[in-house]
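Got the model open in your viewer? Let's walk through a few side-chain contacts, one selection at a time.

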Amino acid sequence: MTGVLRHGSVLHLAVNALIIALAGWHVEPRLGHMGTVLLMLACAVLGTGAELVIVGPGYAGASGVAYGLGSCAALSVASKKQRPWFLLWGAALLAAELHFADESLAIYSHAVSAALGGVFYMFENLFGTKAPALKPMVLNHLSRVVEIIAQTDEDDAAEAEAAMLSQGVSNMFILKQGSSILGVTGYTPDTEADGVAWLSWTYLDQDCAGQGLGRQMMSDLFQKLTDRQMRKLFIETSDYAEDGEQIYAAAHRMYEEFGADLEVTVPDYHEPGEAKMIYALVNHDQAAPPAPELKVSNGIQFTGAEKAPEGDKVAGLNWQETGKGLEGAEAVLADAAVNGARMAVLVLPSDLSTANSAALRSQGFKLCGSLKDFYSLGLQQDWWVCSLHPNDKDCPEFHTEN
């Protein structure tokens with residue numbers, strides 16, 4: 001077995017490593033982690049055994065593992081019409097090795113390992129899970145996931161690709177049937193509240209619409225959230241329309257059929273005429289934590305503004321608690337307006353919101369809705385908006401120095 005680790009030169013090692021990496025990239029999503037390891041071990045042990053029995057000792061190199069992964073990968077990525085040609089090409093390659101190569105090539109290890117790759121592919125194809133199932137996403141699923149998202153929204157696809165490349169795909173899942181990826185979903189735990197999560201990129205291949213797969217994907221994801229003791233899932237969406245048709249209408253119906261309630265609507269958030277909508281899906285098996293003791297301080301001091309996520313010229317307001325009253329609102333709002341913001345959004349716990357509601361309204365703020373039991377039982381997250389350029393839709397692009 002130590003012969004698998006030995007190589008004749010750095011080039012020999014590099015070529016085998018490259019083939020194993022590229023082929024493994026395609027094989028692992030199909031066979032899973034353990035299946036890939038088993039295939040590699042089978043090629044190493046049985047391929048070495050064949051070489052030992054037929055030729056004798058002296059075998060060196062991981063080319064058998066490379067051949068096994070390579071044949072499985074080739075069959076996985078090929079269409080039904082292409083597979084016979086791949087098999088003929090593989091057979092021709094082995095025949096050429098047998099006829100022209102010198103004794104340095106482990107031909108019998110290559111042949112046995114290539115056959116093992118085909119056997120693993122056929123076994124998974126025959127006995128693998130046939131029904132669509134939600135499985136953890138890995139980075140080599142990204143190109144297909146981006147393709148699915150782009151069917152609905154190309155801007156979302158570009159944003160999702162950039163986010164997943166920079167932040168990874170933790171808590172993301174794909175809906176998979178055999179080797180086909182039908183959809184993507186996931187969640188992001190909230191950093192301010194325990195047991196609360198936000199639905200991440202969730203899209204279904206448009207060819208699969210109307211088959212109940214979107215509902216299955218949501219149901220499977222919600223079960224995973226229940227296992228992780230999440231009590232509430234919030235879903236951000238919009239009322240974006242093209243040619244008078246609501247693009248996300250089917251998704252909204254699915255959320256509502258699943259039991260989600262629309263709790264917040266922020267008008268003109270994404271752009272004038274396109275509102276931000278937040279649905280909430282409650283896990284009744286997980287109770288919200290009890291409300292905390294009443295705070296002595298109930299004032300708000302505004303500390304600045306920054307560009308709100310996915311908002312067109314929208315300023316998200318930063319604040320901190322103070323003793324009493326509302327401080328710094330006029331200056332921060334004026335600064336945001338000068339920098340090009342057409343509206344400002346303020347998100348507050350409901351106790352501070354209630355204590356300062358009159359002062360907020362006097363500054364031009366309007367309450368859009370509340371995410372119920374967000375922080376704890378009875379402690380909501382209130383969403384306020386303030387229009388800064390009500391009659392100027394062509395104000396400059398909003399920017400800050402943050």
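Start by selecting Glu 263: in this predicted model, Glu 263 is buried, at a relative accessible area of 12%. Now add Lys 232, its salt-bridge partner, with the closest N and O atoms 3.3 Å apart. Lys 232 is buried too, with a relative accessible area of 6%. Trace the backbone from each one and you'll see distant parts of the chain being linked: Lys 232 sits in strand 6 and Glu 263 in strand 9, 31 residues apart.

Stay on strand 6 and pick Glu 236, then Lys 276; their side chains meet in a salt bridge at 2.5 Å, N to O. Lys 276 belongs to strand 10 (residues 274-282) and Glu 236 to strand 6, so this pair ties together parts that are 40 residues apart in sequence. How exposed or buried is each partner? Glu 236 counts as partly exposed at 41% relative accessibility, whereas Lys 276 counts as buried at 4%.

Next, jump to helix 5 (residues 142-150) and show Arg 144 and Glu 147, which are three residues apart and so separated by about one helical turn. Their side chains form a salt bridge of 2.8 Å, N to O. Glu 147 is partly exposed, at 46% relative accessibility. Bring in Asp 205 as well: Arg 144, Glu 147 and Asp 205 are linked in a network of salt bridges. The model's salt-bridge count comes to five.

Time for the rings. There are six aromatic pairs to look for. Select Trp 198 and Phe 234 to see one that is tilted, because the ring centres are 5.2 Å apart with the planes at 35 degrees. Trp 198 is in strand 4 (residues 196-199) and Phe 234 in strand 6 (residues 232-238), so the pair ties together parts 36 residues apart in sequence. Both are buried: Trp 198 has a relative accessible area of 14%, and Phe 234 has 0%. Add Phe 374 and Tyr 375, and you have the cluster that ring pairs make with Trp 198 and Phe 234.

For an edge-to-face pair, go to Phe 222 and Phe 258, at 6.2 Å centre to centre and 90 degrees between the planes. Phe 222 lies in helix 7 (residues 213-227), while Phe 258 is in the loop between helix 8 (249-257) and strand 9 (261-271). Phe 222 is buried, with a relative accessible area of 16%.

Last stop, the surface. Select Val 53, Ile 54, Val 55 and Tyr 108, a nonpolar patch with about 410 Å² of accessible area together. Val 55 lies in the loop between helix 1 (10-54) and helix 2 (63-77), and counts as exposed at 54% relative accessibility.

Conventions. Residues numbered from 1 in each chain as written. Predicted model: local features only at pLDDT ≥ 70, side-chain atom pairs only at ≥ 80, totals over all residues. Heavy atoms only, no water. Phe/Tyr/Trp six-rings, centres within 6.5 Å; stacked < 30°, edge-to-face > 60°. Helix = DSSP H or I, 4+ residues; strand = E, 2+ residues; numbered from the N terminus. Buried < 20%, exposed > 50% of the residue type's maximum accessible area, 1.4 Å probe, protein only. Patch = residues over 30% accessible without salt bridge, like charges linked within 9 Å, V, L, I, M, F, W, Y side chains within 5 Å. Areas by Shrake-Rupley, 256 points an atom, 1.4 Å probe, with all protein chains shown as cover. Salt bridge = Lys/Arg side-chain N within 4 Å of Asp/Glu carboxyl O.
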